[in-house]
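Got the model open in your viewer? Let's walk through it one selection at a time.

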Number of protein chains: 2
Amino acid sequence: MSHGIPAALSRFFAFPEAGVSREPESWPRGFLAAGVAAGIKASGGKDVMVLANRGPRFEAAGVYTSNRFAAAPVQWSRQALSDGQARLIVANSGGANACTGPEGFADTHATAEHAAAEAGVSAADVAVASTGLIGERLPLERLLAGVDGALGAAREDSVLEAAEAIMTTDSVPKRAEVPLPGGARIVGIAKGAGMLAPALATMLVFITTDAELSGGELDAALVRACAVSFDHADADGCMSTNDTVLLASSGAAGPVDTHAFTEALTALCQDLAYQLIDDAEGARHTAAVTVAGAASLADARETARAICRSNLVKTAIFGEDPNWGRILSAAGTSSAAFAPERVSVSINGVEVCRGGGLGEDRSLVDLSAREVEIVVDLNEGEASATILTSDLTHDYVHENSAYSS
Amino acid sequence: MSHGIPAALSRFFAFPEAGVSREPESWPRGFLAAGVAAGIKASGGKDVMVLANRGPRFEAAGVYTSNRFAAAPVQWSRQALSDGQARLIVANSGGANACTGPEGFADTHATAEHAAAEAGVSAADVAVASTGLIGERLPLERLLAGVDGALGAAREDSVLEAAEAIMTTDSVPKRAEVPLPGGARIVGIAKGAGMLAPALATMLVFITTDAELSGGELDAALVRACAVSFDHADADGCMSTNDTVLLASSGAAGPVDTHAFTEALTALCQDLAYQLIDDAEGARHTAAVTVAGAASLADARETARAICRSNLVKTAIFGEDPNWGRILSAAGTSSAAFAPERVSVSINGVEVCRGGGLGEDRSLVDLSAREVEIVVDLNEGEASATILTSDLTHDYVHENSAYSS
C-alpha cells in the first residue's frame, strides 16, 4: 500500500487498496485556494486560508463538534451548509472564536459577508472555520485583510500552503489524496495536534473532490467515513469547540460510483486521522487499541475508548512498559458485556494476559518502535473496533502547560 | 477548624466543626495493629499490616471498587464481610494480587486462613487487602511470615506504622482521627497517590471506632461518607482494581448517636480524601472544582467530573494558566441541562467567563498558590457538587512512565 500506514495498523483499518498518497500539490478540478500570513498568529506564520469551489456544481457536506460550546464559526457553517451548498471556505488559525458570545458570532458573520462580497457569491454559501485559543476575540481587521489577500492569490497548486495556514501546534502540514475510477480525485487537508478526541478530534479538515455526487450522497459518504476515521482517533480525550470536517464537490469530473467514492473517502479520512494522531502533541508512540470479540460494536468502542483515555495506559506506553494490568483496569470501567475471566490482552503480538490472568512473560514485549498494537479480546462475540491514540509524554505536559492554546 | 483544610476548599465540603486531626498515635479501644517489613516491596520498607479488633463487638462494613477486574482480595473481603462481621484485617503493599486468576484467589484465601489460625479466629472474619503492581503473583511465603511477625508485634499505639505499611507511591503516610460525643473516637488510615479516581479512588482505607453501632448503621454511615469524600476525589481518572474502604467497630466505648457518628465519619473521610489528592503523584496543585446552579446533583457531578478529567485543564493548572476555554470545552461534553450562553466560570474568585463569553480579564487570576478553586455556575438550578483533583505535571508522567506500578 502506498499510504505509508504500518501493516500492523492498516489491517485494523481495513484500508482498501486505494492508493492514498500524502503529497498532493494541486486541488481537484474546480478548486482554487491560498494560504497567507495576516498577522493573527504571533509567530507571523500563515494564518488565513480560502478555498473556493468554481463549480460547475457546489454540493457540500459537513460534520461538526458535538461540544455544547460550539464556536461561532461552527454555528455559522452548520447553518450555511444546511442547504447542502457551499462555494467558499474561509479558515483562520491563531484564534478559535469560541466562547466569545454574540460579538464573536458577529465577527464570523462579518467575515462571511466580507468574503462573499469580494468573491461575488452569497454569504450563505460561505463556510467559516477557526482554530486557536478559546475565549478571545479575533483581530477582525487583520482577518478581513487576509481574506482579501488570499482571494487574490488563490490558485490550483496550493494544497501545501493551504494546509500550512490552518496549523496551530501541528509540527507538520497534513494532506492526502486518493484517485477515483474515471479520473476524478479526492484531496484533503487537516490540522490538529491537541484537544484531539472523537466526535470529533480537535481538527479542521477540508476535503475537495471533482467527482459529481448529490448533496445527500456526499453527506452519507462523509458521515460514514468520519465514523471509522476521525471518530476513532483520540489523542487526549479532550473534545474541541471548533471541530469541523467539510467536504465539497465541484462535479467537474462527472459522476462516479457512490460506493467506490465512499471507500476512497474513508481511506483518505483514515490516512488523515493517522497523520493527526501521529503528530499529537508530544507523542512518541502511536497506538492502535483494538477491542475484539465484543458482543456489539458499541461495546467494542466503549471499551477501546476507556483504554485510550487512561493516563496510566498512556504513560506506560511512553515508558515502553507492557503494563497490561493498567489496560485491564481501564477496560474494567466499561459497561460492555464480558466475563473478566475470559478476557485476553496482547501487546505487539505477545499475549501477556490470558483468561483474565497471567499469560506470556511481559518481558517478551518490545515497545521500542513508534507503532504499538494492543488487542483486547473479550471473547464474547464477533464485533471489534480500533481506536488510534498517542502516548502521554513530558512534551505533552510541557506544550500544554507552558502555552495558552 | 483544626483539620488543616484551606477555608476556600473546606466551605465546599461543608465540614462540620468536627475537629479532625491528622496525627493520631493510638487506635480506639479494642484495636491493635502493626506494620512490618516482609520483603515484598523491593525498597525494603514496611509492606505488611495487620489490624485486629478485640471487641467486645465485631461489626464491620466495606465499600469496594466497582472495577469489573476486582482483585482477589476484594472478592474475598466482599464475601467475608457479607455477614457484617470482621475481626482482623490483613493488608500488603508491593503487589495488588489483581488479574492473577484462580491462583491469585487461592493466595488470598491462604493468607486469610493462615492469619486466622495464628490469631485464633475464623477465616471468614478476616478481611484482606492488597496494593501494588497488577498481574503478578504475591510472594506468599514472605507475606505469611510478615503476617506472623505483625500479629506478634500488634499493639495500640501503632497508627503511624500501620499507615506506612500500606504506602506505595505515597510520599507521606495518611491518618486522621475525630472525636465523638461521649469519649469514643474514629481513627483511620489511608493510602493512594495514583490510579486515583472515584468509585472509588485507588485507595486502601481502614477506619476503626470504639463506638457501638449495629452492622446496618455502620454500613449506612460508610456509604454516605464515601459518597461525598472518596467518591468526590479524582486524581487521574483511573479506577483501580483494588479499592477498599473498611470500617470496623469494637463497641468498647458504648453506643453513640448515629447522626453524630455519620457526620464525624464524613468529616474524617473528607479529610483523608483531601490528603490523598494533595499527595497525588507529581501534583503541584490541589483543585476544588465546583459545579453550582445545576438542575440536579447528577448533573453537577457529571460536569465537575468531566472538567476534572480533562488533561488540558489539568496541564493548564500546572502551568498556572487561567485557560477557562479548556474548562468550558470540558463542561461542553457533559449531558447536564444548561444553556451555554448562561454559564459562568470563576477561577480563584475571578469571574473570567460570564454568560458563556468573556468576563474579567484572565490576567487577574493568580494561580501560584497550591490550592485552586474553580466554580462553574450553570445557572440552571440549585444543585452543586465539588470534586477534588490534582494537576497533570511532568512528575506524574515521570512516575508513571519510569516505573511499573
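The tour starts with one strand and its neighbours, then moves out to where the two chains meet. Keep in mind as you click that this is a predicted model.

**Stop 1: strand β8 of chain A.** Select residues 204-209 of chain A, which form strand β8. Is this strand mostly covered or mostly open? It is mostly covered, with six of its six residues buried. Now show the side chains. Leu204(A), Phe206(A) and Thr208(A) point one way from β8(A), while Val205(A), Ile207(A) and Thr209(A) point the other way. Whichever way they point, all of these residues are buried.

**Stop 2: the strands paired with β8.** Add residues 185-191 of chain A, and you have strand β7. β7(A) and β8(A) run antiparallel, joined by six bridges. To check the register, find Val187(A), which sits opposite Thr208(A) of β8(A).

Next, bring in residues 244-249 of chain A, strand β10. Which way does β10(A) run relative to β8(A), parallel or antiparallel? This pair is parallel, again with six bridges. Pick Thr209(A) and look across to Ser249(A), its bridge partner in β10(A).

**Stop 3: the two chains together.** Zoom out and colour by chain. Turning chain B by 180 degrees, with 0.0 Å of shift along the axis, lays it on chain A with an RMSD of 0.1 Å. The two copies are therefore related as by a two-fold rotation axis. To find that axis from the chain B side, go to His394(B): its C-alpha is the one in chain B nearest the axis, at 2.8 Å. Both copies use the same surface, since 100% of the contact residues of chain B recur in chain A.

**Stop 4: the interface.** How many residues of chain B are in contact with chain A? There are 56, and they touch 56 residues of chain A. Together the chains bury about 4,400 Å², 58% of it on carbon and sulfur atoms. Select Arg68(B), Phe69(B) and Leu312(B): they supply 17% of the area that chain B buries against chain A, more than any other three residues.

**Stop 5: charged and polar pairs.** Two salt bridges are counted between chain B and chain A. For one of them, show Arg362(A) and Glu136(B), whose side chains meet at 3.3 Å, N to O. There are also eight residue pairs in polar contact between the chains. Finish by highlighting α9 (311-318), α10 (324-331), β14 (357-358) and α11 (394-402) of chain B, the elements that each give two or more residues to the side touching chain A.

How values were computed. Residues numbered from 1 in each chain as written. Chains lettered and ligands numbered in written order. Predicted model: local features only at pLDDT ≥ 70, side-chain atom pairs only at ≥ 80, totals over all residues. Heavy atoms only, no water. Buried < 20%, exposed > 50% of the residue type's maximum accessible area, 1.4 Å probe, protein only. Helix = DSSP H or I, 4+ residues; strand = E, 2+ residues; numbered from the N terminus. Pairing = 2+ DSSP bridges. Least-squares fit on C-alpha atoms with pLDDT ≥ 70 in both. Contact = heavy atoms within 4.5 Å. Buried area = accessible area lost by both parts, 1.4 Å probe. Salt bridge = Lys/Arg side-chain N within 4 Å of Asp/Glu carboxyl O. Polar contact = N/O pair within 3.5 Å; in protein donor to acceptor, adjacent residues only side chain to side chain.
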